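This report walks through one protein structure in short sections, each built around a few residues. Please keep the sequence and the 3D view at hand while reading.

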Amino acid sequence: MTQHPVRTATPEVGPQARFAPRATPETQPYWDATAAGRLDLPRCRPCDQVFFYPRSSCPRCGSTDLEWVTCSGKGRLHTYVVSHRPAPGFPVPTVIAVVELEEGPRMMTNLVEADPDALELDMPVEVRFEQRTGVAVPVFAPVKENAR
């Protein structure tokens, strides 16, 4: 079971101003795991599909026979956009990204601890958890060269 650090949004940005998602019955295990510093996702037992976003049935085969698995938190930058428009609580620029996890699913997220001018598609990234009002939200950061 891999645990990752939970970080607090920088004071000049203010975590209270950022959007904080709310759990539903289908997503509660996901948010419980992020609070513990883990990235847990649902996996379909019949077809072995790991998927994101959490929901009550498999998007591939429709089965409701699901289990929660702890993912590595590692992936690759699939695509991104750099936003220079201010949004409440977010720094400028903000990197909005889609990360493809080692386990297969793609997640929309933010890329942190990254120079927007140095980003490359397919670069390795790893999960971090950013504390927002009452919830830890997964974000990703580039893997440092010596950490590969």
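## Buried charges in pairs

Asp40 has a relative accessible area of 8%, so this residue counts as buried. The model shown here is a predicted one, and every value in this report is therefore computed from predicted atom positions. Asp40 does not stand without a charged partner, since it forms a salt bridge with Arg38, in which the closest N and O atoms are 3.0 Å apart. Arg38 also counts as buried, at 17% relative accessibility.

A second pair can be described in a similar way. Arg132 and Glu130 are joined by a salt bridge whose closest N and O atoms lie 3.1 Å apart. Arg132 is buried, with a relative accessibility of 7%, and Glu130 is buried as well, with a value of 2%.

## Salt bridges and a network

How many salt bridges does the structure hold? There are nine of them, and among them is the one in which the side chains of Glu67 and Arg45 meet, with a distance of 3.7 Å from N to O. Glu67 belongs to strand β3, which covers residues 66–70, while Arg45 sits in the loop between β2 (40–44) and β3, so this pair ties together parts of the chain that are 22 residues apart in sequence. Glu67 is partly exposed, at a relative accessible area of 21%, and Arg45 is likewise partly exposed, at 45%.

Some salt bridges share partners, and in this way Arg43, Arg45, Asp48, Asp65 and Glu67 are joined into one network. Asp48, a member of that network, lies in the loop between β2 and β3 and is partly exposed, with a relative accessible area of 49%.

## Two cysteines without a disulfide

Which cysteine sulfur is nearest to that of Cys47? It is the sulfur of Cys58, at 3.6 Å, and yet the structure holds zero disulfides. A disulfide calls for two cysteine sulfur atoms within 2.5 Å, so the distance of 3.6 Å between Cys47 and Cys58 does not meet that cut-off. Seen from the other side, Cys58 is in no disulfide either, and the nearest cysteine sulfur to it is that of Cys47.

The surroundings of these two cysteines can also be described. Cys47 counts as partly exposed, at 22% relative accessibility, whereas Cys58 counts as buried, at 4%.

## The nonpolar core and a surface patch

In soluble globular proteins, nonpolar side chains tend to be buried together. In this model, the largest nonpolar core has 23 residues, and those with the most contacts inside it are Leu39, Leu77, Leu101, Leu111, Val125 and Phe140. Two or more residues of this core come from each of the following elements: α1 (28–35), β5 (94–101), β6 (106–111), β7 (124–132) and β8 (135–142).

Nonpolar residues are also found at the surface, where Val81, Ile96 and Met108 make a nonpolar patch of about 280 Å². Met108 is placed in strand β6, which is also one of the elements that give residues to the core. Is Met108 buried or exposed? With a relative accessible area of 63%, Met108 is exposed.

## A polar contact from a loop

Ser72 is placed in the loop between β3 and β4, the latter strand covering residues 74–83. At 17% relative accessibility, Ser72 counts as buried, and its side chain is joined to the side chain of Glu102 by a polar contact of 3.0 Å.

## Backbone details in the loops

Where are the cis peptide bonds described here? One runs from Phe52 to Tyr53, with omega near 20 degrees, and Tyr53 lies in the loop between β2 and β3. Another runs from Val92 to Pro93, with omega near 0 degrees, and Pro93 is found in the loop between β4 and β5.

Positive phi values deserve a separate look. Asp48, already described as a member of the salt-bridge network, has a positive phi of about 65 degrees although it is not a glycine. Asp122, which is also a residue other than glycine, has a phi near 75 degrees. Asp122 lies in the loop between β6 and β7 and is partly exposed, with a relative accessible area of 48%.

Definitions and conventions: Residues numbered from 1 in each chain as written. Predicted model: local features only at pLDDT ≥ 70, side-chain atom pairs only at ≥ 80, totals over all residues. Heavy atoms only, no water. Buried < 20%, exposed > 50% of the residue type's maximum accessible area, 1.4 Å probe, protein only. Core = buried A, V, L, I, M, F, W, Y, C linked by side-chain atoms within 4.5 Å. Helix = DSSP H or I, 4+ residues; strand = E, 2+ residues; numbered from the N terminus. Salt bridge = Lys/Arg side-chain N within 4 Å of Asp/Glu carboxyl O. Polar contact = N/O pair within 3.5 Å; in protein donor to acceptor, adjacent residues only side chain to side chain. Patch = residues over 30% accessible without salt bridge, like charges linked within 9 Å, V, L, I, M, F, W, Y side chains within 5 Å. Areas by Shrake-Rupley, 256 points an atom, 1.4 Å probe, with all protein chains shown as cover.
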